[in-house]
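I set down here what I looked up in this structure, entry by entry. Each entry begins with what I wished to know.

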Amino acid sequence: MLEKISHTTPLNVRFNECDPLQIVWHGNYLKYFEEGREDFCRHHGISYLHAKQHGISTPVVKSVCEHKLPLKYGDKFQVETSFKNSEAAKMIFEYKLFKDNELICTGQTVQVFLNETGDLQLQNPPFFLDWKLKMGFI
């Protein structure tokens with residue numbers, strides 16, 4: 001049984017993501033996490049649109065970001081996004097940002113499942129259990 005799967009997304013620092021010193025503004029790291037998460041989900045067949053088709057939304061309820069080194073305008077870097085398996089009705093993603101094989105930032109997000117009326121789902125939705133089975137988590 002798997003505990004984790006990963007996917008790597010290449011990105012570039014854009015001018016509008018930087019402060020006047022041409023260093024990436026700290027809030028943009030969460031955007032990089034989201035880009036990595038969306039790419040991971042598309043790659044592994046569990047996108048936000050897939051959840052929506054099943055009447056489920058998946059809001060982020062926790063985010064953690066630890067900065068090691070700065071990114072600057074024009075840098076090319078990679079977001080390594082990992083899904084960490086949990087028996088609870090939530091999705092845990094972990095992130096590592098690398099530039100030239102050097103660790104830039106680490107982080108984590110936790111998402112829960114809400115139904116169409118916004119009620120918290122305490123059990124994993126069937127489509128998510130099907131995906132976990134297909135991926136070898138259960």
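**Entry 1: surface patch.** Which residues make the nonpolar surface patch of about 450 Å²? The model I am reading is a predicted one. I find that Met1, Leu129, Leu133 and Ile138 make the patch. I then looked up one of them, Leu133, and placed it in helix α3, which covers residues 126–135. Is Leu133 buried or exposed? I note a relative accessibility of 52% for Leu133. Because the limit for exposed is over 50%, Leu133 counts as exposed.

**Entry 2: cavity.** How many cavities of 30 Å³ or more does the structure hold? I record one. For the largest cavity I note about 50 Å³ of space. Its lining consists of Cys41, Ile46, Ser47, Tyr48, Ala51, Thr58, Met91, Phe93, Gln111 and Phe127. Which elements each supply at least two residues of this lining? I enter helix α2 (48–53) and strand β4 (90–99). By residue class, I list seven nonpolar residues and three polar ones in the lining, with no charged residue.

**Entry 3: salt bridges.** How many salt bridges does a search of the whole structure find? The search finds seven. I looked up three of these pairs, beginning with Glu94 and Lys4. The closest N and O atoms of Glu94 and Lys4 are 2.5 Å apart. Glu94 belongs to strand β4, while Lys4 belongs to strand β1 (residues 4–12), so this pair ties together parts that are 90 residues apart in sequence. For Lys4 I note a relative accessible area of 43%, which makes Lys4 partly exposed.

The next pair I took up is Glu17 with Arg14, where the closest N and O atoms are also 2.5 Å apart. Which of the two partners is buried? I record Glu17 as buried, at 5% relative accessibility, whereas Arg14 is partly exposed, with a relative accessible area of 44%. The limit for buried is under 20%, and Glu17 meets that limit because its value is 5%. I also find that Arg14 and Glu17 are linked with Glu35 in a network of salt bridges.

For Lys68 and Glu66, how far apart are the closest N and O atoms of the salt bridge? I enter 3.6 Å. Lys68 is partly exposed at 43% relative accessibility, and Glu66 is likewise partly exposed, with a relative accessible area of 43%.

**Entry 4: Ser63.** Where is Ser63 found? I place Ser63 in strand β2, residues 60–67. With a relative accessible area of 41%, Ser63 is partly exposed. I then looked up Ser63 against Phe113: the two are 50 residues apart in sequence, and their C-alpha atoms are 16 Å apart in space.

**Entry 5: Pro20.** Which loop holds Pro20? I find Pro20 in the loop between strand β1 and helix α1 (28–44). Is Pro20 buried or exposed? The relative accessible area of Pro20 is 83%, and I therefore enter Pro20 as exposed. Lastly, I looked up Pro20 against Lys134, which lies 114 residues away along the chain. A distance of 47 Å separates the C-alpha atoms of Pro20 and Lys134.

Technical notes
Residues are numbered from 1 along each chain as its sequence is written. This is a predicted model: local features need pLDDT of at least 70, side-chain atom pairs count only at pLDDT 80 or more; totals for chains, interfaces and linings use all residues. Side-chain values use heavy atoms; hydrogens and water are left out. Patches are made of residues with over 30% relative accessible area and no salt bridge: like charges are joined within 9 Å, nonpolar side chains (Val, Leu, Ile, Met, Phe, Trp, Tyr) within 5 Å. Accessible areas come from the Shrake-Rupley method with a 1.4 Å probe; for residues, only the protein chains shown count as cover. A salt bridge is a side-chain nitrogen of Lys or Arg within 4 Å of a carboxyl oxygen of Asp or Glu. Helices (H or I, at least four residues) and strands (E, at least two) are DSSP runs, numbered from the N terminus. Buried means under 20% relative accessible area, exposed over 50%, partly exposed in between (1.4 Å probe, protein chains only). On a 1 Å grid over the protein atoms alone, a cavity is a set of points where a 1.4 Å probe fits but cannot get out, and a pocket is an open set with protein on both sides within 12 Å along at least five of seven lines; lining residues have an atom within 4 Å of a point. Grid points are joined across faces, edges and corners, and a volume is the space filled by probe spheres set on the points. Ala, Val, Leu, Ile, Met, Phe, Trp, Tyr, Cys and Pro count as nonpolar, Asp, Glu, Lys and Arg as charged, and the others, Gly among them, as polar.
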